[in-house]
Structure formats: C-alpha cells, structure tokens
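User: Please take a close look at one charged part of this model, and then set it beside other parts of the chain. I would like one connected account, with the values given.

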Amino acid sequence: MTDRVPTYPGRVKMIPVEGEVNTYDMQRADSPVEEGTPLNKASLLQDATAVLAGLDNTAVPNDVFAKILTHLLKLQAVVIPGAGWTGTEAPYTQTVNVPYVSADETEQGVFIAPAGASMAEWNRIQALAKEQQTNALLFEAQEKTMEDLTVYVLIQEVL
C-alpha cells in the first residue's frame, strides 16, 4: 500500500453543477507525483481475508483485529494446592480453576510447564494435566504432596 504524494496538497477544482445555484462538484487538482493505493474495501480488507478469520464479507478491519487479539496467547501462573489432592491411592487427582480453558480440546492448545521452584516436586510426584474442563484443568499425580506447586499454563486459541 502506498500513500498519495501530491504536488499541491489539498488543492481541488470547484465545478459548478449546471442548473443548481451555489452547488459544486469537487475534483482533485493536487497534481500527484504518486497516485497511491486507492482507499477502498479491496485495499483495506479483502473478503478472502475476512473468511480466513471466520467472518463474512461485511467485516471491517477492526473486526479482524478484534478476532486476532482475542486469540493471542494467554499465559498464567496457576497454583495447585498441596492439600487439594484427592483419592486413597494413585493416581491422585485435583481440579484447579484456570480461566479461559475450554473443555473442547479442538478449540485451543493448552500447554503446562512447572515453575522452576516447583519442578523437582512436580517430577517427583509424576504430575501431569489429565483433562481440560470449562475454566479448569484436572491434574493427576502418582504420589501426594503437601507442597503447593506453581505451574504456567499457556493457552493458544484457534481461529
């Protein structure tokens, strides 16, 4: 996309409209050195691009930007309370609230990584994220711990 580069910025020619008093048509008279890319729907947001974003041909650029921004990566630290493990034998489980997680695994990628301070204990109890739920994750471990574990949850939405 290129800008219009006028020799005489803002200059227009006023052409009287025949049969109408004090009514004129305006015509650019800026003598451009560069015409520039026309400002129209095709140059701002093509229909094919809107469709890629799951929108229709009435979408405006801001609709696509909003769609993209709501699907960016979300990273959050989540604490798995040591006292929250349930079960009388392995595997022990607990459900932890994690905003933005969808129960439908096809809607997003969810990636879990223990924080550095929790990594040794996470590995010792052989913990893992077992299941996505609406705004929650089900964790499973082969041993119980009373230590609170911090994990980072990275959520990547699918457009």
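Analyst: In this predicted model, Glu131 counts as partly exposed, at 37% relative accessibility. Glu131 is found in strand 8, which spans residues 128-133. On the surface, Glu131 gathers with Asp104, Glu105 and Glu107 in a patch of negative charge. Patch members are residues with over 30% relative accessible area and no salt bridge, and the 37% of Glu131 is over that cut-off.

Charged residues of another kind are those held in salt bridges, and the structure holds 6 of these. Helix 4, residues 119-124, contains Glu121, and Glu121 forms a salt bridge with Arg124, where the closest N and O atoms are 2.7 Å apart. Both residues lie in helix 4, 3 residues apart, which is about one turn of the helix. The two partners differ in exposure class: Glu121 counts as buried because its relative accessibility of 13% is under 20%, whereas Arg124 is partly exposed, with a relative accessible area of 39%.

Arg124 also forms a salt bridge with Glu143, with the closest N and O atoms 2.8 Å apart. Arg124 lies in helix 4 and Glu143 in the loop between strand 9 (136-141) and strand 10 (149-157), so this pair ties together parts that are 19 residues apart in sequence. Glu143 is partly exposed, at a relative accessible area of 35%.

Further contacts link this region to residues later in the chain. Leaving out residues up to four places away in sequence, Glu121 touches Thr145, Glu147 and Leu149. Ser118 lies in the loop between strand 7 (108-114) and helix 4. With neighbours within four places in sequence set aside, Ser118 is in contact with Asp148, Leu149 and Thr150. Leu149 is thus among the contacts of Glu121 and among those of Ser118. Ser118 counts as buried, because its relative accessibility is 5% and the cut-off is under 20%.

Other salt bridges are found elsewhere in the chain. The side chains of Lys41 and Asp47 meet at 2.5 Å, N to O. Lys41 is partly exposed, with a relative accessible area of 42%, and Asp47 is partly exposed too, at 37%. Arg4, Asp30 and Glu35 are linked in a network of salt bridges.

A nonpolar surface patch may be set beside the charged one. Val12, Met14, Tyr24 and Met26 make a patch of about 410 Å², and strand 2 and strand 3 (24-28) each supply at least two of its residues. Val12 lies in strand 2 and is partly exposed, with a relative accessible area of 35%.

Ile15 lies in strand 2 as well, which covers residues 12-16, and is partly exposed at 31%. The C-alpha atoms of Ile15 and Asp25 are separated by 5.1 Å, although these residues are 10 apart along the chain. Without its neighbours within four places in sequence, the contacts of Ile15 are Thr23, Tyr24, Asp25 and Gln27. Among these, Tyr24 is also one of the residues of the nonpolar patch.

Thr58 lies in the loop between helix 2 (47-52) and helix 3 (61-70). Thr58 is exposed because its relative accessible area of 60% is over 50%. The C-alpha atoms of Thr58 and Gln126 are separated by 51 Å, with the two positions 68 residues apart in numbering along the chain.

Terms used:
Residues numbered from 1 in each chain as written. Predicted model: local features only at pLDDT ≥ 70, side-chain atom pairs only at ≥ 80, totals over all residues. Heavy atoms only, no water. Helix = DSSP H or I, 4+ residues; strand = E, 2+ residues; numbered from the N terminus. Buried < 20%, exposed > 50% of the residue type's maximum accessible area, 1.4 Å probe, protein only. Contact = heavy atoms within 4.5 Å. Patch = residues over 30% accessible without salt bridge, like charges linked within 9 Å, V, L, I, M, F, W, Y side chains within 5 Å. Areas by Shrake-Rupley, 256 points an atom, 1.4 Å probe, with all protein chains shown as cover. Salt bridge = Lys/Arg side-chain N within 4 Å of Asp/Glu carboxyl O. Lys, Arg positive; Asp, Glu negative; His and termini not counted. Charge placed at Lys NZ, Arg CZ, Asp CG, Glu CD.
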